[in-house]
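Student: I would like to take a close look at a single part of this protein and follow it outwards to its surroundings. Could you take me through it slowly, in one connected answer?

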Amino acid sequence: KSVTRQQVFTSVGGGWKGGWLEMAKNLVVRLTTPSGRSRIQLPETSNFGEFKAEVEKRTGVAATSQNFAWDAAGSRGVNGSDTATLPQVGITNGAQLFLVNKEASIAAQVLTKVPVPVDPEPTVPRKDAPASSSTAPAASSSGGAASSSASAPPKETKAVSNEDGKKPDPKFESFDCFLRNRRYDTAALPGSQRYVSAQLTKGGMIKLPPSMSIKQQPYRHVDTLSVINVPEMENFIGYWQGHLLEMGMQRLGWMYGYYLEDNNYDEGCRAVLEGIYEPPQEMSGEMAQHKEDPRKAVVDRVAEACGLECIGWTFTTLILDDDQLLAPHEIQRIARLQNEYSTDLHFTKYRLSKFVSCAIRPDPALGGTPSLNPFMVSDQCCAMVRDGILTESDDRKHCVVREAKQNELISDFLVEGKPNKKLLTDFFIVRVNDTAPKKHQRMFTHATFPRENRPQMPQKGAADLKKYFGSIPSGEPSWSQYADFHLLLYLAEAIDEHTAITIAEAIRDRKEVPEGAQTLVKAIAGLS
């Protein structure tokens, strides 16, 4: 049973901008410097000199002083004249370069921006009323993540200029915008904190661990999840609805795509979904659990050849009680994954994660039709899980702070100034917008090859290949005929990883698939 895009997706925050159409016209280079990473897009006809000029704008390193290499150690240099085209130098779409100049500073690209002039926000008159006192932040399943804790100081809200075209978000700032307004100081951010306990020793000095306030995070690392490959998501949901839901079984998948600047928000970040890999998993219980998967590394390398990376995961689940957004066990699992997929390559060296979690639940407002709910959890929650502060419990509404061991002192966690070991999940939730494009300019032109690791719908080898190619119009370019994420993953296993990567690179660059690879695939499929 399949579901339509209109049933599944709700467009939030305007239409999709950028994406694979932009990547197809431009050449994308991933640049790593001692101060961070940057994604550079230039027209395919650009030469090496134009590339250097763009790097100078991003990093502040003069074009004449730039030293590029293919490896982080700088042992394999990139050489070429300024008039040579990027492909002549060896720089192709999706290539990763290293700028080994120590003086590079990615921060310069945001520090030089002109501030947007804004008018003061008018005061909203209201009747006098006694201030309410509650230990929980307000939350709404339709309005996004929870409001800030009452113990947090009021945040100044700024209107965004219409000329700038950026949209304000009443709950969250983009992370880089948040940092810019605070002069890039990360020392006091939750991810920089360590929740270290103290041990009681007889006759010794005791340093009490400091108390910590639980607050709603005012920023987010990813502003929007764009599902550009809609048929891929529909197939995932359709399999769950048609084969698993009636048996009370759940499903999960790793989401692969890339990140773009989100022009709807000041310094915004957009994650773009292109494919979903479904690993071996245990599907019983409230959430599916992934098993050990030796193929995951191969999947990552094939995806990287396409210019993609693992941007998050999606999981199915049933409706939660009392309009909850995430259950406590979901919160902790998401935090563990964000910690696993975190990095300190941000120019401030602050460790962060852009790993998005997308919950798929039946929506009562839509008559039980599944809907997408993208989330992240706060840096504070990730730090608490990292340091073993939260414990598993039967509580369905609260994340619970563990009890101290014998002779151990742990921090008090304050909600509105009072110690509390039961923390409402809303404090930790960061809501991410979701969009689906009206026009499907996606990397993979097909999404029909049978999925991997589906017990009820196993792959059939050569028969699947023959059926797949029999349904593809012969007039399509060869790269388009092979542009199916799951076909690539199957070929990596059925033939070899090198062949799959060669085809993946042809799909990425929109070039003809080498004849040798086509001949090998057709021979396996029994096609002439």
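Student: Is strand E10 (residues 252-262) mostly covered or mostly open, and how many of its residues are buried?

Tutor: Please keep in mind throughout that this is a predicted model. Strand E10, which spans residues 252-262, is mostly covered, since 10 of its 11 residues are buried, where buried stands for a relative accessible area under 20%.

Let us begin with the strands that pair with E10. Strands of a sheet pair through backbone hydrogen bonds, and they can do so in a parallel or an antiparallel way. E10 and strand E11 (residues 268-277) pair in the antiparallel sense, over 9 bridges, and one place to find this pairing in the model is Glu-261, whose bridge partner in E11 is Cys-269. These two strands form a hairpin with 5 residues between them, and in that turn Glu-267 has a positive phi of about 60°. This value deserves a pause, because most residues other than glycine have a negative phi. E10 is also joined to strand E14 (residues 309-316), by 6 bridges, and these two strands run antiparallel as well; here you can look for Tyr-256, which stands opposite Cys-310 in E14.

From the strands we can move to a helix that they help to cover. The buried residues of helix H8 are Lys-296, Val-298, Val-299, Val-302, Ala-303 and Ala-305, and what covers them includes E10, E11 and E14, together with helix H13 and helix H14 (497-509). As a guide to reading such a list, an α-helix has 3.6 residues a turn, so residues three or four places apart point the same way. Just after H8 comes Gly-307, which takes a positive phi of about 85°.

The packing of H8 against H13 can be described in more detail. The axes of H8 (residues 296-305) and H13 (residues 485-494) come within 10 Å and cross at roughly 125°, and the two helices are therefore oblique to each other. Their crossing is right-handed. On the H8 side the contact is made by Val-298, Val-299, Val-302 and Ala-303, and on the H13 side by Phe-485, Leu-488, Leu-489 and Ala-492. Sorted by class, this contact has 8 nonpolar residues, with no polar and no charged ones. The four H8 residues named here, Val-298, Val-299, Val-302 and Ala-303, also appear among the buried residues of that helix.

H14, another of the elements covering H8, leads us onwards along the chain. In the loop between H14 and H15 we find Arg-510, with a phi near 55°, a positive value in a residue other than glycine. Arg-510 is partly exposed, with a relative accessible area of 23%.

Beyond that loop, helix H15 (residues 515-525) packs with helix H11 (residues 462-470) at an angle of about 115°, their axes being 8 Å apart, and that makes H11 roughly perpendicular to H15. The contact is made by Ala-462, Leu-465, Lys-466 and Phe-469 of H11, which meet Val-521, Ile-524 and Ala-525 of H15. By class, the contact of H11 with H15 has 6 nonpolar residues, no polar ones and 1 charged residue.

Terms used:
Residues are numbered from 1 along each chain as its sequence is written. This is a predicted model: local features need pLDDT of at least 70, side-chain atom pairs count only at pLDDT 80 or more; totals for chains, interfaces and linings use all residues. Side-chain values use heavy atoms; hydrogens and water are left out. Axes are lines fitted to C-alpha atoms, for helices over the stretch in contact, and angles run from 0 to 180 degrees between N-to-C directions. Angles under 35 degrees count as roughly parallel, over 145 as roughly antiparallel, 65 to 115 as roughly perpendicular and the rest as oblique. A crossing is left-handed if the near helix is turned anticlockwise from the far one by less than a right angle, and right-handed if clockwise. Contact means heavy atoms within 4.5 Å. Ala, Val, Leu, Ile, Met, Phe, Trp, Tyr, Cys and Pro count as nonpolar, Asp, Glu, Lys and Arg as charged, and the others, Gly among them, as polar. Buried means under 20% relative accessible area, exposed over 50%, partly exposed in between (1.4 Å probe, protein chains only). Two strands pair if DSSP finds at least two bridges between them.
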